[in-house]
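Work through these exercises with the structure open beside you. Try each task before you read its solution.

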Amino acid sequence: MTSLSLRTPLGPRVSVLLYEGMSAFEIGIVTEVFGLPRPELDVDWYQLAICSERPGPVPIVGGATIHANGGLDVFASAQTVIVPGVSDVHADCSPDVIAALRLAWQRGSRVVSICSGAFALAAAGLLDGRRATTHWQYAELLAQRFPLVEVDADVLYIDGTDVLTSAGSAAGLDLCIHLVRKDFGPTVANAVARRLVIAPHREGGQAQFIEAPVVGDSEDDRVTQSMQWALAHLAEPITVASLARHAHMSTRTYLRHFARSTGSSPIRWLITQRVHASLPLLERTDLPVEAIAATVGFESVVTYRHHFGRTTRTSPSAYRRAFRPVTTPANA
């Protein structure tokens, strides 16, 4: 007789800290990625808890109020805990919040900060001896207040495995999509990114945003067109010179405009695109790694493995084992 499972699907538990005077944007990032049901993805999606030091209504910027259902005990019990900012980067963090963060980390939770939330993680001692980032505007202050933290203001986020930090508010989206990628693989992460109408992965770092004017001219349009051409021809040999030719620029001019537009170099960008193009092939096909390397344009499998490891912190074979769907035998 066939038995029917009445199990309610329960995915990873995520908690986010709500505090008085915060921006709705940062709490919105977390709720949009982790709190919105996504039955179309056919995975046990996240369970999100919105918490504060004291459960109840919490006033936020603009005069609105959000009701926090959980306190710090619920916050610290989640598998991923997120601090989307602090109310004052110059003030001491609440001792109760510090205790909750330390407790969560000691229990094995993944502790995450968005923007100035890094100050709370640093106050809890979770960033001592680690690389961490925050909004570029606060980076110098973070380094001054917490000298044991290695502050890197040039990146969008840093994955320290158990402790992760992101730069300014919008970089929280990059980090949240990164967390989805770690938990469910790139196919699901890409699907969520498409629904949010954002790139699954942004190149460059926040250095390109530091007191820089908004640029939008014909030269940058030509750089974009050359990048689109490269994405359509990844399997072919591509050089900076060939990219510059498609942008109708000299190589020197192209390098300058590419860096201004993306915050990266053409070769670094190209390598990352080739690695990302290989992910679906590892997930969905039985192609040997050597064939995949050639398909996405790497000259050798050795080069592919090297750049894959630098980009993803794992090997192609390990990635395939981790993210390729397991096929259940018909008679299982």
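**Exercise 1. Place Asp 221 in the model: which helix holds Asp 221, and is Asp 221 buried, partly exposed or exposed?**

Solution.
- Step 1. Keep in mind that this is a predicted model.
- Step 2. Find the element. Asp 221 sits in helix 8, which covers residues 218-232.
- Step 3. Read the accessibility. Asp 221 has a relative accessible area of 48%.
- Step 4. Apply the cut-offs. Buried means under 20% and exposed means over 50%, with partly exposed in between. Asp 221 is therefore partly exposed.
- Step 5. Look across the chain. Ser 261 is 40 residues away from Asp 221 in sequence, yet their C-alpha atoms are 9.4 Å apart.

**Exercise 2. Do the same for Ser 94: where does Ser 94 lie, and how far is its C-alpha atom from that of Ala 123?**

Solution.
- Step 1. Ser 94 belongs to the loop between strand 5 (80-83) and helix 3 (95-106).
- Step 2. Its relative accessibility is 18%, so Ser 94 counts as buried.
- Step 3. Ser 94 and Ala 123 are 29 residues apart along the chain. Their C-alpha atoms are separated by 9.2 Å.

**Exercise 3. Describe the surroundings of Ala 68: which residues does Ala 68 touch, leaving out those up to four places away in sequence?**

Solution.
- Step 1. Locate Ala 68 in strand 4, residues 65-68.
- Step 2. Check the exposure. The relative accessibility is 0%, so Ala 68 counts as buried.
- Step 3. List the contacts, not counting residues up to four places away in sequence. Ala 68 touches Leu 18, Ile 50, Cys 51, Ser 52, Pro 55, Gly 56 and Val 58.
- Step 4. Take one partner, Gly 56. It lies 12 residues from Ala 68 along the chain, and the two C-alpha atoms are 5.1 Å apart.

**Exercise 4. Two residues other than glycine have a positive phi. Is Cys 115 buried or exposed, and is His 248 buried or exposed?**

Solution.
- Step 1. Start with Cys 115. Its phi is about 55°, a positive value, although Cys 115 is not a glycine.
- Step 2. Cys 115 is in the loop between strand 6 (110-113) and helix 4 (118-123).
- Step 3. Its relative accessibility is 5%, so Cys 115 counts as buried.
- Step 4. Turn to His 248. Its phi is positive too, near 60°.
- Step 5. His 248 is in the loop between helix 9 (240-246) and helix 10 (251-262).
- Step 6. Its relative accessibility is 66%, so His 248 counts as exposed.

**Exercise 5. Describe how helix 1 packs on helix 6: at what angle, and how far apart are the axes?**

Solution.
- Step 1. Recall what is needed. Two packed helices are described by the angle between their axes and the distance between the axes.
- Step 2. Helix 1 (residues 24-35) and helix 6 (residues 171-184) pack at about 20°, with axes 10 Å apart.
- Step 3. Angles under 35 degrees count as roughly parallel. Helix 1 and helix 6 are therefore roughly parallel.
- Step 4. Add the handedness. Their crossing is right-handed.
- Step 5. Name the residues. Helix 1 brings Ile 29, Val 33 and Phe 34, and helix 6 brings Gly 172, Leu 173, Cys 176, Leu 179 and Val 180.
- Step 6. Sort them by class. The contact has 7 nonpolar residues, 1 polar and no charged.

**Exercise 6. Now pair helix 6 with helix 7. Which residues meet?**

Solution.
- Step 1. The axes of helix 6 and helix 7 (residues 186-196) come within 7 Å and cross at roughly 150°.
- Step 2. This crossing is right-handed.
- Step 3. From helix 6 come Leu 173, Ile 177, Val 180, Arg 181 and Phe 184. From helix 7 come Pro 186, Val 188, Ala 189, Val 192, Ala 193 and Leu 196.
- Step 4. By class, that gives 10 nonpolar, no polar and 1 charged.

**Exercise 7. Describe the contact of helix 11 with helix 13. How do the axes cross?**

Solution.
- Step 1. The axes of helix 11 (residues 266-284) and helix 13 (residues 301-312) come within 10 Å and cross at roughly 95°.
- Step 2. Helix 11 is therefore roughly perpendicular to helix 13.
- Step 3. Helix 11 contributes Ile 271, Val 275, His 276, Ser 278, Leu 279 and Leu 282. Helix 13 contributes Tyr 304, His 307, Phe 308, Thr 311 and Thr 312.
- Step 4. The classes are 6 nonpolar, 5 polar and no charged.

Technical notes. Residues are numbered from 1 along each chain as its sequence is written. This is a predicted model: local features need pLDDT of at least 70, side-chain atom pairs count only at pLDDT 80 or more; totals for chains, interfaces and linings use all residues. Side-chain values use heavy atoms; hydrogens and water are left out. Axes are lines fitted to C-alpha atoms, for helices over the stretch in contact, and angles run from 0 to 180 degrees between N-to-C directions. Helices (H or I, at least four residues) and strands (E, at least two) are DSSP runs, numbered from the N terminus. Angles under 35 degrees count as roughly parallel, over 145 as roughly antiparallel, 65 to 115 as roughly perpendicular and the rest as oblique. A crossing is left-handed if the near helix is turned anticlockwise from the far one by less than a right angle, and right-handed if clockwise. Contact means heavy atoms within 4.5 Å. Ala, Val, Leu, Ile, Met, Phe, Trp, Tyr, Cys and Pro count as nonpolar, Asp, Glu, Lys and Arg as charged, and the others, Gly among them, as polar. Buried means under 20% relative accessible area, exposed over 50%, partly exposed in between (1.4 Å probe, protein chains only).
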